[in-house]
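Here is a set of exercises for getting to know a structure step by step. Try each task on your own, then read the worked solution below it.

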Amino acid sequence: MKAAVIVFPGSNCDRDVAVALRRSMTRDPEMVWHGDSALPKVDLIVLPGGFSYGDYLRSGAMAAQSPIIREVVARAKDGFPVLGICNGFQILVETGLLPGALLRNSDLRFVCRDVWLQVENRQTIFTSSYATSIPLRIPVAHHDGNYYADEPTLDRLEETDAVAFRYCRGPDGPDEADGAANPNGSARDIAGIFNDQKNILGMMPHPERLADAALGGTDGQPLFDSLVSALAG
Amino acid sequence: MKARVHITLKPGVLDPQGKAILQALGHLGFDGVSDVRQGKFIEIELDETEPNTAREKLASMCEKLLANTVIEDYQIDLD
(Lines give C-alpha, C1' and ligand atoms only; values in the text may rest on other atoms or scores of the structure.)
Protein backbone atom coordinates (compact mmCIF):
# COMPACT_ATOMS: atom_id res chain seq x y z
CA MET A 1 0.00 0.00 0.00
CA LYS A 2 1.06 3.58 -0.54
CA ALA A 3 0.28 6.85 1.25
CA ALA A 4 0.49 10.51 0.25
CA VAL A 5 1.57 13.13 2.79
CA ILE A 6 0.39 16.65 1.90
CA VAL A 7 3.05 19.26 2.69
CA PHE A 8 2.00 22.86 3.34
CA PRO A 9 4.26 25.85 3.98
CA GLY A 10 4.68 25.55 7.77
CA SER A 11 4.09 21.79 8.05
CA ASN A 12 6.65 20.38 10.50
CA CYS A 13 5.57 16.78 11.18
CA ASP A 14 5.50 15.71 7.54
CA ARG A 15 8.85 13.91 7.79
CA ASP A 16 8.03 12.34 11.17
CA VAL A 17 4.83 10.87 9.79
CA ALA A 18 6.67 9.75 6.64
CA VAL A 19 9.08 7.74 8.83
CA ALA A 20 6.22 6.16 10.79
CA LEU A 21 4.37 5.32 7.55
CA ARG A 22 7.48 3.78 6.02
CA ARG A 23 8.02 1.65 9.13
CA SER A 24 4.52 0.12 8.90
CA MET A 25 4.11 0.11 5.11
CA THR A 26 7.71 -0.76 4.17
CA ARG A 27 7.71 1.87 1.43
CA ASP A 28 8.12 5.61 1.28
CA PRO A 29 5.01 7.76 1.08
CA GLU A 30 4.67 10.33 -1.71
CA MET A 31 5.22 13.85 -0.45
CA VAL A 32 2.71 16.12 -2.23
CA TRP A 33 3.13 19.91 -2.26
CA HIS A 34 0.02 21.93 -1.32
CA GLY A 35 0.09 23.86 -4.59
CA ASP A 36 -0.31 20.72 -6.69
CA SER A 37 -3.79 20.03 -7.94
CA ALA A 38 -3.56 16.31 -8.71
CA LEU A 39 -3.05 13.50 -6.22
CA PRO A 40 -0.86 10.51 -7.07
CA LYS A 41 -2.36 7.02 -7.08
CA VAL A 42 -2.31 6.11 -3.39
CA ASP A 43 -4.42 4.29 -0.78
CA LEU A 44 -4.28 6.86 2.02
CA ILE A 45 -3.94 10.65 2.36
CA VAL A 46 -2.24 12.10 5.44
CA LEU A 47 -2.51 15.75 6.52
CA PRO A 48 0.46 16.22 8.88
CA GLY A 49 0.96 18.40 11.94
CA GLY A 50 2.57 21.82 11.92
CA PHE A 51 1.58 25.43 11.51
CA SER A 52 0.38 25.64 7.91
CA TYR A 53 0.43 29.24 6.65
CA GLY A 54 1.60 30.35 10.10
CA ASP A 55 -1.88 29.64 11.55
CA TYR A 56 -3.00 32.92 9.94
CA LEU A 57 -6.68 33.83 10.43
CA ARG A 58 -7.44 30.52 12.19
CA SER A 59 -5.40 27.32 12.51
CA GLY A 60 -5.98 25.34 9.32
CA ALA A 61 -8.16 27.99 7.66
CA MET A 62 -5.76 28.87 4.84
CA ALA A 63 -4.69 25.28 4.19
CA ALA A 64 -8.36 24.31 3.89
CA GLN A 65 -8.53 26.55 0.77
CA SER A 66 -5.31 25.35 -0.92
CA PRO A 67 -5.52 23.76 -4.40
CA ILE A 68 -4.75 20.18 -3.35
CA ILE A 69 -7.39 20.23 -0.60
CA ARG A 70 -10.20 20.49 -3.16
CA GLU A 71 -9.08 17.12 -4.50
CA VAL A 72 -8.70 15.70 -0.98
CA VAL A 73 -12.24 16.82 -0.06
CA ALA A 74 -13.70 15.31 -3.23
CA ARG A 75 -12.00 11.96 -2.60
CA ALA A 76 -12.78 11.93 1.13
CA LYS A 77 -16.48 12.41 0.37
CA ASP A 78 -16.26 9.31 -1.84
CA GLY A 79 -14.99 7.24 1.09
CA PHE A 80 -11.25 7.57 0.50
CA PRO A 81 -9.17 7.12 3.72
CA VAL A 82 -7.85 10.41 5.14
CA LEU A 83 -5.85 10.87 8.36
CA GLY A 84 -5.36 14.35 9.86
CA ILE A 85 -2.98 14.77 12.79
CA CYS A 86 -2.92 17.96 14.89
CA ASN A 87 -2.83 20.75 12.26
CA GLY A 88 -4.24 18.11 9.90
CA PHE A 89 -7.25 17.73 12.24
CA GLN A 90 -7.65 21.52 12.31
CA ILE A 91 -7.64 21.54 8.49
CA LEU A 92 -10.25 18.75 8.37
CA VAL A 93 -12.69 20.68 10.60
CA GLU A 94 -12.07 23.85 8.57
CA THR A 95 -13.02 22.03 5.36
CA GLY A 96 -16.20 20.75 7.02
CA LEU A 97 -15.21 17.10 6.43
CA LEU A 98 -15.34 16.67 10.22
CA PRO A 99 -17.83 18.49 12.49
CA GLY A 100 -16.99 21.03 15.21
CA ALA A 101 -14.02 23.35 15.67
CA LEU A 102 -10.72 23.48 17.54
CA LEU A 103 -10.52 26.49 19.85
CA ARG A 104 -7.61 27.98 21.79
CA ASN A 105 -6.63 25.70 24.72
CA SER A 106 -8.73 26.55 27.77
CA ASP A 107 -5.69 27.63 29.83
CA LEU A 108 -4.31 29.61 26.82
CA ARG A 109 -1.01 27.73 26.99
CA PHE A 110 0.72 25.81 24.25
CA VAL A 111 0.73 22.26 25.64
CA CYS A 112 3.55 19.89 24.75
CA ARG A 113 3.64 16.64 26.74
CA ASP A 114 2.53 13.03 26.71
CA VAL A 115 -1.16 12.37 27.40
CA TRP A 116 -3.16 9.17 27.92
CA LEU A 117 -5.81 8.14 25.45
CA GLN A 118 -8.65 5.67 25.52
CA VAL A 119 -9.48 4.09 22.15
CA GLU A 120 -13.27 4.50 21.90
CA ASN A 121 -13.93 2.58 18.68
CA ARG A 122 -11.68 -0.30 17.59
CA GLN A 123 -13.78 -1.37 14.60
CA THR A 124 -12.22 1.03 12.09
CA ILE A 125 -9.43 1.00 9.52
CA PHE A 126 -7.44 3.30 11.84
CA THR A 127 -7.82 1.49 15.16
CA SER A 128 -8.30 -2.25 14.55
CA SER A 129 -4.75 -3.10 15.76
CA TYR A 130 -5.41 -1.66 19.22
CA ALA A 131 -6.37 -4.93 20.86
CA THR A 132 -6.95 -3.99 24.48
CA SER A 133 -8.56 -1.28 26.57
CA ILE A 134 -5.21 -0.27 28.12
CA PRO A 135 -4.75 3.50 27.65
CA LEU A 136 -2.18 4.68 25.10
CA ARG A 137 0.57 7.16 25.82
CA ILE A 138 0.88 9.62 22.93
CA PRO A 139 2.33 13.16 22.83
CA VAL A 140 0.34 16.32 22.16
CA ALA A 141 1.88 19.62 21.01
CA HIS A 142 -0.65 22.35 20.22
CA HIS A 143 -2.14 25.71 21.11
CA ASP A 144 -5.56 25.22 19.48
CA GLY A 145 -6.73 21.74 20.43
CA ASN A 146 -9.80 22.52 22.51
CA TYR A 147 -12.47 20.53 20.66
CA TYR A 148 -15.82 22.31 20.47
CA ALA A 149 -19.14 21.30 18.96
CA ASP A 150 -22.70 22.10 20.01
CA GLU A 151 -24.47 19.59 22.25
CA PRO A 152 -26.56 17.89 19.50
CA THR A 153 -23.38 17.37 17.44
CA LEU A 154 -21.53 15.90 20.45
CA ASP A 155 -24.49 13.57 21.15
CA ARG A 156 -24.52 12.50 17.52
CA LEU A 157 -20.77 11.77 17.57
CA GLU A 158 -21.31 9.45 20.53
CA GLU A 159 -24.42 7.78 19.11
CA THR A 160 -22.64 6.99 15.83
CA ASP A 161 -19.42 5.72 17.53
CA ALA A 162 -17.58 8.59 15.86
CA VAL A 163 -15.49 9.47 18.93
CA ALA A 164 -12.12 7.88 18.12
CA PHE A 165 -10.02 8.77 21.18
CA ARG A 166 -10.67 10.37 24.55
CA TYR A 167 -8.15 11.85 27.00
CA CYS A 168 -8.08 9.73 30.15
CA ARG A 169 -6.18 9.05 33.34
CA GLY A 170 -2.96 7.05 33.00
CA PRO A 171 -2.71 3.51 34.36
CA ASP A 172 -0.89 4.80 37.46
CA GLY A 173 -3.58 7.34 38.26
CA PRO A 174 -3.36 11.13 38.18
CA ASP A 175 0.04 12.74 38.31
CA GLU A 176 -0.13 16.37 39.42
CA ALA A 177 3.22 17.17 37.82
CA ASP A 178 1.88 16.19 34.41
CA GLY A 179 -1.31 18.26 34.68
CA ALA A 180 -4.89 17.25 34.02
CA ALA A 181 -5.88 14.20 31.96
CA ASN A 182 -7.61 16.53 29.49
CA PRO A 183 -4.82 18.90 28.40
CA ASN A 184 -6.84 21.54 26.56
CA GLY A 185 -10.44 21.71 27.78
CA SER A 186 -11.90 19.64 24.92
CA ALA A 187 -15.63 18.93 25.15
CA ARG A 188 -16.29 15.47 26.62
CA ASP A 189 -12.50 14.83 26.68
CA ILE A 190 -12.51 14.28 22.91
CA ALA A 191 -9.02 13.87 21.40
CA GLY A 192 -10.00 12.54 17.96
CA ILE A 193 -13.10 11.91 15.85
CA PHE A 194 -14.22 10.01 12.74
CA ASN A 195 -16.70 11.09 10.10
CA ASP A 196 -19.95 9.10 9.77
CA GLN A 197 -18.47 6.55 7.33
CA LYS A 198 -15.26 6.21 9.42
CA ASN A 199 -12.97 6.80 6.44
CA ILE A 200 -11.71 10.08 7.92
CA LEU A 201 -9.90 10.42 11.25
CA GLY A 202 -8.83 13.71 12.83
CA MET A 203 -6.83 13.67 16.07
CA MET A 204 -4.82 16.21 18.07
CA PRO A 205 -2.24 13.77 19.58
CA HIS A 206 0.75 12.72 17.46
CA PRO A 207 0.93 8.90 17.02
CA GLU A 208 3.92 9.35 14.66
CA ARG A 209 5.99 10.76 17.53
CA LEU A 210 5.80 7.55 19.56
CA ALA A 211 6.02 4.88 16.88
CA ASP A 212 9.63 3.86 17.48
CA ALA A 213 11.16 2.36 20.65
CA ALA A 214 14.17 4.67 20.20
CA LEU A 215 11.83 7.62 20.83
CA GLY A 216 10.62 6.18 24.13
CA GLY A 217 7.43 4.37 23.14
CA THR A 218 5.51 2.60 20.39
CA ASP A 219 1.86 3.24 21.33
CA GLY A 220 1.44 5.19 18.09
CA GLN A 221 2.52 2.40 15.78
CA PRO A 222 -0.65 0.23 15.86
CA LEU A 223 -2.53 3.11 14.22
CA PHE A 224 -0.30 2.84 11.14
CA ASP A 225 -0.34 -0.99 11.34
CA SER A 226 -4.16 -0.90 11.37
CA LEU A 227 -4.14 1.08 8.12
CA VAL A 228 -1.77 -1.45 6.52
CA SER A 229 -3.92 -4.42 7.46
CA ALA A 230 -7.06 -2.67 6.19
CA LEU A 231 -5.69 -1.13 3.00
CA ALA A 232 -2.80 -3.30 1.81
CA GLY A 233 -3.31 -5.86 -0.91
CA MET B 1 -15.67 51.04 -1.38
CA LYS B 2 -14.35 50.18 2.07
CA ALA B 3 -15.89 47.40 4.11
CA ARG B 4 -15.41 46.61 7.76
CA VAL B 5 -16.05 43.06 8.88
CA HIS B 6 -16.44 42.22 12.57
CA ILE B 7 -16.06 38.58 13.53
CA THR B 8 -17.17 37.54 17.00
CA LEU B 9 -17.52 34.24 18.82
CA LYS B 10 -21.09 32.98 18.96
CA PRO B 11 -22.80 33.30 22.33
CA GLY B 12 -22.06 30.23 24.43
CA VAL B 13 -18.68 29.48 22.81
CA LEU B 14 -16.01 29.69 25.52
CA ASP B 15 -13.52 32.54 24.97
CA PRO B 16 -10.42 31.87 27.09
CA GLN B 17 -8.63 34.92 25.65
CA GLY B 18 -11.53 37.20 26.59
CA LYS B 19 -11.45 35.70 30.10
CA ALA B 20 -7.70 36.39 30.41
CA ILE B 21 -8.22 40.01 29.28
CA LEU B 22 -11.06 40.39 31.81
CA GLN B 23 -8.75 39.16 34.55
CA ALA B 24 -5.88 41.43 33.46
CA LEU B 25 -8.20 44.47 33.47
CA GLY B 26 -9.15 43.57 37.04
CA HIS B 27 -5.47 43.37 38.02
CA LEU B 28 -4.96 46.86 36.54
CA GLY B 29 -7.67 48.21 38.81
CA PHE B 30 -10.45 48.67 36.24
CA ASP B 31 -13.61 47.95 38.22
CA GLY B 32 -17.04 47.17 36.88
CA VAL B 33 -15.98 45.15 33.81
CA SER B 34 -18.38 42.22 33.83
CA ASP B 35 -17.34 40.43 30.61
CA VAL B 36 -14.87 40.60 27.70
CA ARG B 37 -15.24 38.80 24.35
CA GLN B 38 -12.37 38.98 21.88
CA GLY B 39 -13.00 38.95 18.14
CA LYS B 40 -11.46 40.01 14.83
CA PHE B 41 -11.81 43.18 12.76
CA ILE B 42 -10.95 43.06 9.06
CA GLU B 43 -10.87 46.02 6.66
CA ILE B 44 -11.42 45.23 2.99
CA GLU B 45 -11.12 47.54 -0.05
CA LEU B 46 -13.53 46.61 -2.83
CA ASP B 47 -13.81 47.84 -6.43
CA GLU B 48 -17.54 47.19 -6.28
CA THR B 49 -19.66 50.35 -5.97
CA GLU B 50 -23.14 48.84 -5.64
CA PRO B 51 -23.79 48.26 -1.89
CA ASN B 52 -26.06 45.21 -2.24
CA THR B 53 -23.66 43.40 -4.56
CA ALA B 54 -20.77 44.29 -2.25
CA ARG B 55 -22.67 42.96 0.74
CA GLU B 56 -23.41 39.67 -1.05
CA LYS B 57 -19.77 39.30 -2.04
CA LEU B 58 -18.59 40.02 1.51
CA ALA B 59 -21.10 37.60 3.03
CA SER B 60 -19.76 34.90 0.72
CA MET B 61 -16.17 35.76 1.77
CA CYS B 62 -17.20 35.43 5.42
CA GLU B 63 -18.95 32.10 4.86
CA LYS B 64 -16.06 30.62 2.88
CA LEU B 65 -13.01 31.97 4.68
CA LEU B 66 -13.13 34.99 6.99
CA ALA B 67 -15.36 33.40 9.65
CA ASN B 68 -15.74 29.84 10.86
CA THR B 69 -19.52 29.80 11.15
CA VAL B 70 -19.42 26.77 13.46
CA ILE B 71 -18.14 29.07 16.21
CA GLU B 72 -18.25 32.64 14.84
CA ASP B 73 -20.79 35.28 13.76
CA TYR B 74 -19.94 38.11 11.38
CA GLN B 75 -21.21 41.62 10.81
CA ILE B 76 -20.53 43.65 7.64
CA ASP B 77 -20.39 47.48 7.62
CA LEU B 78 -19.93 49.50 4.42
CA ASP B 79 -18.63 53.08 4.18
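**Exercise 1. Trace the sheet of chain A in this predicted model: in what order do the strands lie, and which stand at the edges?**

Step 1. Follow the strands across the sheet: the order is E2-E1-E3-E4-E11-E10-E9-E6-E7 in chain A. That makes an open sheet of 9 strands, with mixed pairing.

Step 2. Look at the two ends. Strand E2 (30–33) and strand E7 (136–142) of chain A each have a single partner strand, so one side of each has no neighbour in the sheet.

Step 3. Check the twist, which averages 25° from one strand to the next.

Step 4. Zoom in on one pair. E9(A) and strand E10 (residues 190–194) of chain A are joined in the antiparallel sense over 3 bridges. Within this pair, Arg166(A) stands opposite Ile190(A) in E10(A).

Step 5. Add a helix. H1(A) packs on the sheet and touches strand E1 (3–7), E2, E3 and E4 of chain A. The direction of H1(A) makes about 175° with that of E1(A).

**Exercise 2. Find out how the overall dimensions of chain A agree with those of a compact globule.**

Step 1. Take stock of the elements: chain A has 5 helices and 11 strands.

Step 2. Work out what to expect. A compact globule of 233 residues would have a radius of gyration near 17 Å. Chain A has 16 Å, so the value agrees.

Step 3. Read the extent along the principal axes: the C-alpha trace of chain A spans about 45 × 35 × 35 Å.

Step 4. Turn to burial and contacts. Of the 233 residues of chain A, 52% count as buried. Among contacts in chain A between residues at least 6 apart in sequence, 78% join residues at least 24 apart.

**Exercise 3. Which residues touch the most other members of the largest nonpolar core?**

Step 1. Recall a general tendency: in soluble globular proteins, nonpolar side chains tend to be buried together.

Step 2. Pick out the best-connected members. The largest nonpolar core has 72 residues, and Val5(A), Ile6(A), Val46(A) and Leu117(A) touch the most other members.

Step 3. Follow Ile6(A) outwards. Setting aside neighbours within four places in sequence, Ile6(A) is in contact with Val32(A), His34(A), Ile45(A), Leu47(A), Ile68(A) and Val72(A).

Step 4. Look for another core. A second, separate one has 7 residues, including Ala3(B), Leu66(B), Ala67(B) and Tyr74(B).

**Exercise 4. Describe how two helices of chain A, H3 and H5, are covered.**

Step 1. Start with helix H3 (residues 87–95) of chain A, where 9 of 9 residues are buried. Among them are Phe89(A), Ile91(A), Leu92(A) and Val93(A), along with Asn87(A) and Glu94(A).

Step 2. See what lies over H3(A). The cover of its buried residues includes E3, H2, strand E4 (82–85), strand E5 (101–103) and strand E11 (200–203) of chain A.

Step 3. Step past the end of the helix: just after H3(A), Gly96(A) takes a positive phi of about 85°.

Step 4. Move on to helix H5 (residues 221–231) of chain A, where Pro222(A), Leu223(A), Phe224(A) and Leu227(A) are buried. The buried residues of H5(A) pack against helix H1 (14–25) and E3 of chain A.

**Exercise 5. Two residues of chain A have a positive phi without being glycine: is Tyr53(A) buried or exposed, and how many C-beta neighbours does Asp161(A) have inside 10 Å?**

Step 1. Recall the background: most residues other than glycine have a negative phi.

Step 2. Consider Tyr53(A), with a positive phi of about 50°. Tyr53(A) sits in the loop between strand E3 (44–47) and helix H2 (67–77) of chain A. Because 21 other C-beta atoms lie within 10 Å, Tyr53(A) is buried.

Step 3. Consider Asp161(A), with a positive phi of about 55°. Asp161(A) belongs to the loop between helix H4 (151–159) and strand E9 (163–168) of chain A. Asp161(A) has 15 C-beta neighbours inside 10 Å, so this residue counts as partly exposed.

**Exercise 6. Describe the sheet of chain B and the contact between the chains.**

Step 1. Order the strands: 3 of them form an open, antiparallel sheet, E2-E1-E3 in chain B. Strand E2 (40–45) and strand E3 (72–78) of chain B are the edge strands, each pairing on one side only.

Step 2. Inspect one pair. Strand E1 (residues 2–9) of chain B and E3(B) pair over 7 bridges, and His6(B) stands opposite Gln75(B) in E3(B).

Step 3. Place helix H2 (residues 51–66) of chain B, which lies across E1, E2 and E3 of chain B and runs at about 155° to E3(B).

Step 4. Finish between the chains: 11 residues of chain A are in contact with 9 residues of chain B. The chain A side has 5 nonpolar, 3 polar and 3 charged residues.

Key. Residues numbered from 1 in each chain as written. Chains lettered and ligands numbered in written order. Predicted model: local features only at pLDDT ≥ 70, side-chain atom pairs only at ≥ 80, totals over all residues. Helix = DSSP H or I, 4+ residues; strand = E, 2+ residues; numbered from the N terminus. Buried ≥ 20, exposed ≤ 12 C-beta atoms within 10 Å, placed from the backbone. Contact = placed C-beta atoms within 7 Å. Nonpolar A, V, L, I, M, F, W, Y, C, P; charged D, E, K, R; others polar. Rg over C-alpha atoms; globule rule 2.2 N^0.38 Å. Pairing = 2+ DSSP bridges. Axes fitted to C-alpha atoms, helices over the stretch in contact; angles between N-to-C directions. Core = buried A, V, L, I, M, F, W, Y, C linked by C-beta atoms within 7 Å.
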